[in-house]
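Colleague: Could you walk me through this one before I set anything up? I would like to begin with what counts as a contact.

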Amino acid sequence: MNRMPPWADAVIVPLMSLIIAFLVSGVVILAIGESPVEAMTIMVRGALGSTYGWGHTLYYATNFVFTGLAVAIAFHAGFFNIGGEGQALLGGLGVALVCLFVPWPHWSLALIGAVVAGAAFGAAWAAIPAWLRATRGSHEVITTIMFNFIAASLLVYVLVHVLRPQGSMDPASRRFPPETRLPRLGDMADAFGIPFSKGAPANISLFLAIGACVLVWFIIWRTRLGYQIRALGKKEKAAVYAGISPVRITMYAMLMSGALAGLMAVNSTMGEANRLINGAAEGAGFIGIAVALMGRSHPFGVALAALLFGFLYQGGGELSLETSIPRDLIIVIQALVILFTGALDNLVRWPVQRAFAMLKGNR
Amino acid sequence: MDFMTILQILDSTLRLATPLLFACLAGMFSERAGVFDIGLEGKMLAAAFLSGAVAAVTLNVWLGLLAGVAASLMMSGIHGIASITFRGNQLISGVAINFLAAGLTVLIGQHWFALGGRTPALLGGGRFETITLPGVEALSGVPYLGPLYAELISGHTILVYVALLCVPVSWWLLYRTRFGLRLRAVGENPAAVDTAGVSVVTLRFAAVMICGLLCGLAGAYLATGLSAGFVKDMTAGRGFIALAALIFAKWRPWQALGATLLFGLLEALSNRYQNIDLGGVVIPVQVMQALPYVLTVIILAGFVGKAIPPRAGGEPYVKER
């Protein structure tokens, strides 16, 4: 009964779960007296109907690729990193410090500095839960949740007491110098003579995110470290027997996870906001969970899921402007995606398995 | 700091600890039966919303309470079906429930009341009134004891006393009844319970439903006792503080009371003082807000008394064939 071709597990099951999640979302929209078809039309028009919409969709998707990969790489090692939100906040702090206090001559150098700082700060914030998990067995789910809250308090403290410019009431840092401004998709398309909205926040970090997908794929499936990470995630005892050090691999996996979450800030804090604001991660750390679950922890799946959530985010924003459906609809859809592709996975998997078993039995 | 200030701080400590205590005991029942629950926050939020909404419409706080508990039980039902029936990942289910509640409360609230996710402010019968215990008058002349009785012990809503009463009741249920023994056993070694002919699924569902009931009380208290009506995201991380308190208490009822009172005190202090001056060293309010989480990480790290969760926690039970 447990025989099912791998492609069915990788494609059919998540796709059907996703369809169920969206059907239930449609029912929710009906229940609040709106038309799901009309809502979908507005969302598609708002997110994909113009280069402005695409620029926003891709901007959000970039965030979600980073946080999705962060959750995915931890999943491969058998850990559930709910701390993406806190790690992204710390990544933002790292990016902001580098942008504010280093006199960069050109954005390309600033980008390298920000990547290093964002990844390092994010990884550092994951390091303590990782170390506690590896050496003391403290459950990483609880510690990373706690670290999310600690990060939020820390960021408010730093913004209010350290980085806030004198005389400003707003808990935010001053603007980054113009040398650190990353080229946006509009600027880049301009160079090739392609018309693309200049107001949209999608920027060069998009290519950084694509690079991160390739890199994560390479590490997980093409290196010794990736093999060790997957072995640890599948069966810790067998991994230990094979001579893999669980402490070392746990640290590597969680540090990479934190670094990826931290990199999100290059896109949001440096690429879009141009200053460090309060609550800069905007829940993207949590969306990473949905993205990783939907993408089955595979970088390609993560990229597709991130694009879908980018569409939902931008489309949902437009929806709240044009109808009385609040933006919070996205949170419901996100919850349903997590529920059906994650926790209620067996709701689809068991019948599919049975169907395949029957097909085999008949032959 | 004079006596009255201390009394006022302790008084608000008790008020603020009440939802934490309900939620903490809720988590205790679920996790002691081997079902991890990081969805306490979502259940409380759903309960707070529906109790606030129903109390605002019917002007009857008891109907509000019932509706709140029903909302929380529904969320528990989802958690039970996902993590017990379909043997899904309990942590992922909890995350889903938190988001489901966060989104649905605003979506439905906006649809019903069009107040940006809030429910109308509760007046009169829509709120829980404070109870003045007998003897306040008689003791009013006595120094220290009089104000202590009037401020701290008397003058709370009924749910505060119910929460306190839940502590010995939970202790008795867990440690002095057959149900409690089985519930604890199913969280440590479900196979043994199954061998003894007791249904693991039924026991775990019972535990998850008790959790839903208590989370419902916690949420209803937030919307109809502590404040007057529901506002968006009004749980504000309390579900996670309760989770922290549960670990702090090492999954035991009396210690849960201590832990939630401690975290309630921290919240009361940070509400009252922006910065606390300890003889030259100024503690910013953000430190107070982060302290429950920091303390929990330290406890989890096992440097100060190791917290060991129930052994079968987080694992779906698969019956041997």
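Modeller: Contact here means heavy atoms within 4.5 Å. Please keep in mind throughout that this is a predicted model.

Colleague: Fine, so which residues does B:Ser270 contact, leaving aside its neighbours within four places in sequence?

Modeller: With those neighbours left aside, B:Ser270 is in contact with B:Val285, B:Met288 and B:Gln289. B:Ser270 itself lies in helix H12 of chain B, which covers residues 253-272.

Colleague: Is B:Ser270 buried or exposed?

Modeller: B:Ser270 has a relative accessible area of 6%, and buried means under 20%, so B:Ser270 counts as buried. A polar atom of its side chain lies 3.1 Å from the backbone oxygen of B:Glu267.

Colleague: And how far apart in space are B:Ser270 and B:Leu65?

Modeller: They are 29 Å apart, C-alpha to C-alpha, with their positions 205 residues apart in sequence.

Colleague: Let's switch to the interface. How many residues of chain B are in contact with chain A?

Modeller: On the chain B side there are 43 residues, and they are in contact with 45 residues of chain A. The area buried between the two chains is about 3,700 Å², and carbon and sulfur atoms give 81% of that area.

Colleague: Which three residues supply more of the area that chain B buries than any other three?

Modeller: Those are B:Phe86, B:Phe99 and B:Leu107, which together supply 19% of the area that chain B buries against chain A.

Colleague: What about the polar side of things, how many salt bridges and polar contacts are there between the chains?

Modeller: The count is 1 salt bridge between chain B and chain A, and the rule finds 4 residue pairs in polar contact across the interface, both residues of each pair being at pLDDT 80 or more. Which elements carry the chain B side can be stated as well: helices H3 (61-85), H4 (90-113), H11 (238-248) and H13 (285-301) of chain B each give two or more residues to the side that touches chain A. H4(B) contributes the largest share, with 14 residues, and the residues on this side of chain B divide into 28 nonpolar, 12 polar and 3 charged.

Colleague: Which side chains meet in a salt bridge?

Modeller: The side chains are those of A:Asp328 and B:Lys232, at 3.5 Å from N to O.

Colleague: You listed H13, so where does B:Gln286 sit, and which residues of chain A does it touch?

Modeller: B:Gln286 lies in helix H13 of chain B, and, not counting residues up to four places away in sequence, B:Gln286 touches A:Ser153, A:Val156, A:Tyr157 and A:His161. Its relative accessible area is 9%, so B:Gln286 is buried.

Colleague: And H11(B), why is it described as largely enclosed?

Modeller: Because 10 of the 11 residues of H11(B) are buried, the helix is largely enclosed by the rest of the structure. Among the buried ones are B:Arg238, B:Phe240 and B:Leu246. After H11(B) comes B:Lys250, whose phi is positive, near 55°.

Colleague: Last topic, which residues touch the most other members in the largest nonpolar core?

Modeller: That core has 207 residues, and the ones that touch the most other members are A:Phe64, A:Phe309, A:Ile338, B:Ile38 and B:Leu214. Leaving aside neighbours within four places in sequence, B:Leu214 is in contact with B:Phe22, B:Leu25, B:Ala26, B:Phe29 and B:Cys166. Another core, of 6 residues, lies apart from the largest one and includes A:Met4, A:Val348, A:Val352 and A:Phe356.

Conventions. Residues are numbered from 1 along each chain as its sequence is written. Chains are lettered from A and ligands numbered from 1 in the order in which they are written. This is a predicted model: local features need pLDDT of at least 70, side-chain atom pairs count only at pLDDT 80 or more; totals for chains, interfaces and linings use all residues. Side-chain values use heavy atoms; hydrogens and water are left out. Buried area is the accessible area (1.4 Å probe) that two parts lose on being put together, summed over both. A salt bridge is a side-chain nitrogen of Lys or Arg within 4 Å of a carboxyl oxygen of Asp or Glu. A polar contact is a pair of N or O atoms within 3.5 Å; within protein, one must be able to donate a hydrogen and the other to accept it, and residues adjacent in sequence count only if both atoms are side-chain atoms. Helices (H or I, at least four residues) and strands (E, at least two) are DSSP runs, numbered from the N terminus. Ala, Val, Leu, Ile, Met, Phe, Trp, Tyr, Cys and Pro count as nonpolar, Asp, Glu, Lys and Arg as charged, and the others, Gly among them, as polar. A nonpolar core is a set of buried Ala, Val, Leu, Ile, Met, Phe, Trp, Tyr and Cys residues joined through side-chain atoms within 4.5 Å. Buried means under 20% relative accessible area, exposed over 50%, partly exposed in between (1.4 Å probe, protein chains only).
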